[in-house]
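Keep the model open in the viewer and follow the stops below in order. Each stop says what to select and then what is there.

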Amino acid sequence: MKNENNQTDILTEQPLGEPTPETKTGGLRPYIYVASLSDYNAGRLHGVWLDANRAPEELQASINMMLAASDEDVAEEFAIHDYEEWGPVHLDEYTPLDMISRVAKGLAEHGAPFGHWAEYVRFGEDDMDRCEEGYRGCGAAEA
């Protein structure tokens with residue numbers, strides 16, 4: 001992606017951070033696009049795609065790097081403007097980073113069934129840990 005000076009904006013092309021080890025091949029790789037609200041209000045897009053399957057502190061550190069790279073004098077606030085590979089999960093602009101991390105880890109480990117569970121329990125802290133209890137799997141129909 002090119003910025004307003006026709007230079008490649010590395011922050012918008014490469015997600016920061018590595019996925020945590022519990023990512024399995026059957027799971028999802030959830031990403032979020034986090035944007036600087038100061039830039040957005042000034043009519044510019046400035047943000048970064050992040051691998052969400054990381055600790056909340058790591059997500060915040062990457063967001064702080066993005067905000068520090070802003071051309072705005074004061075860039076302190078951010079919002080989630082897009083997300084990919086979240087299966088049935090719906091995020092909003094201000095979903096807390098600890099919840100993003102928790103759900104992303106579940107999606108990476110269990111795939112879409114965890115996303116359905118997270119939506120069903122509406123991200124309920126206590127209920128999220130019971131995903132494996134509630135999931136019965138699927139079976140092939142007998143011929």
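Select strand β1, residues 31-36. In this predicted model, β1 is mostly covered, with 6 of its 6 residues buried. Show the side chains: Tyr31, Tyr33 and Ala35 leave the strand in one direction, while Ile32, Val34 and Ser36 leave in the other. Both sets are buried.

Now add the neighbouring strands. The open sheet has 3 strands in the order β2-β1-β3, and the pairing is antiparallel. β2 (47-51) and β3 (78-84) are the edge strands, each paired on one side only. Ignoring direction, neighbouring strands of this sheet are turned by 25° against each other on average.

Take the two pairings of β1 in turn. With β2, β1 pairs in the antiparallel sense over 5 bridges. Select valine 34 here; its bridge partner in β2 is valine 48. With β3, the antiparallel pairing of β1 runs over 6 bridges. Two positions to select on this side are alanine 35, which stands opposite alanine 79 in β3, and serine 36, which stands opposite phenylalanine 78 in β3.

Which helix packs on the sheet, touching β1, β2 and β3? Select helix α3, residues 56-68, which makes these contacts. The direction of α3 makes about 160° with that of β2.

Within α3, pick serine 62. Serine 62 is buried, and its relative accessible area is 6%. Set a distance between the C-alpha atoms of serine 62 and valine 48: the two are separated by 8.6 Å, and they lie 14 residues apart along the chain. Valine 48 is the residue already visited as the bridge partner of valine 34.

Return to β3 and select tyrosine 83 together with tryptophan 86. How are their rings arranged, and at what distance centre to centre? The count of aromatic pairs comes to 2. Tyrosine 83 and tryptophan 86 form an edge-to-face pair, at 6.5 Å centre to centre and with 85° between the planes. The two partners can also be compared by accessibility. Tyrosine 83 is partly exposed, with a relative accessible area of 27%. Tryptophan 86 is buried, and its value is 2%.

Next select glutamate 85, in the loop between β3 and α4. Its phi is near 60°, a positive value in a residue other than glycine. For context, most residues other than glycine have a negative phi. Glutamate 85 counts as partly exposed, at 42% relative accessibility.

Move on to the helix pair α4 and α5. Select α4 (residues 97-110) and α5 (residues 112-120): the two helices pack at an angle of about 145°, and their axes are 6 Å apart. On the α4 side, the residues in the contact are Arg102, Val103, Gly106, Leu107 and His110. On the α5 side they are Ala112, Pro113, Phe114, Gly115 and Ala118. Colour these by class: the contact has 6 nonpolar, 3 polar and 1 charged residues.

Stay on α5 and view the helix along its axis. Which residues of α5 are buried? They are Phe114, Gly115, Trp117 and Ala118. These residues lie on the same side of α5 because they cover an arc of only 160° around the axis. Phe114, Gly115 and Ala118 were also among the residues that meet α4. Turn the helix over: the face directed away from the buried side carries His116 and Tyr120, which are exposed.

The last stop is glutamate 119, also in helix α5. Is glutamate 119 buried or partly exposed? Glutamate 119 is partly exposed, with a relative accessible area of 29%. Leaving out residues up to four places away in sequence, glutamate 119 touches Pro88, Val89 and His90. Show the C-alpha atoms of glutamate 119 and valine 89: the separation is 5.9 Å, although the two residues are 30 residues apart along the chain.

How values were computed:
Residues numbered from 1 in each chain as written. Predicted model: local features only at pLDDT ≥ 70, side-chain atom pairs only at ≥ 80, totals over all residues. Heavy atoms only, no water. Axes fitted to C-alpha atoms, helices over the stretch in contact; angles between N-to-C directions. Helix = DSSP H or I, 4+ residues; strand = E, 2+ residues; numbered from the N terminus. Contact = heavy atoms within 4.5 Å. Nonpolar A, V, L, I, M, F, W, Y, C, P; charged D, E, K, R; others polar. Buried < 20%, exposed > 50% of the residue type's maximum accessible area, 1.4 Å probe, protein only. Arc of directions from axis to C-beta. Phe/Tyr/Trp six-rings, centres within 6.5 Å; stacked < 30°, edge-to-face > 60°. Pairing = 2+ DSSP bridges.
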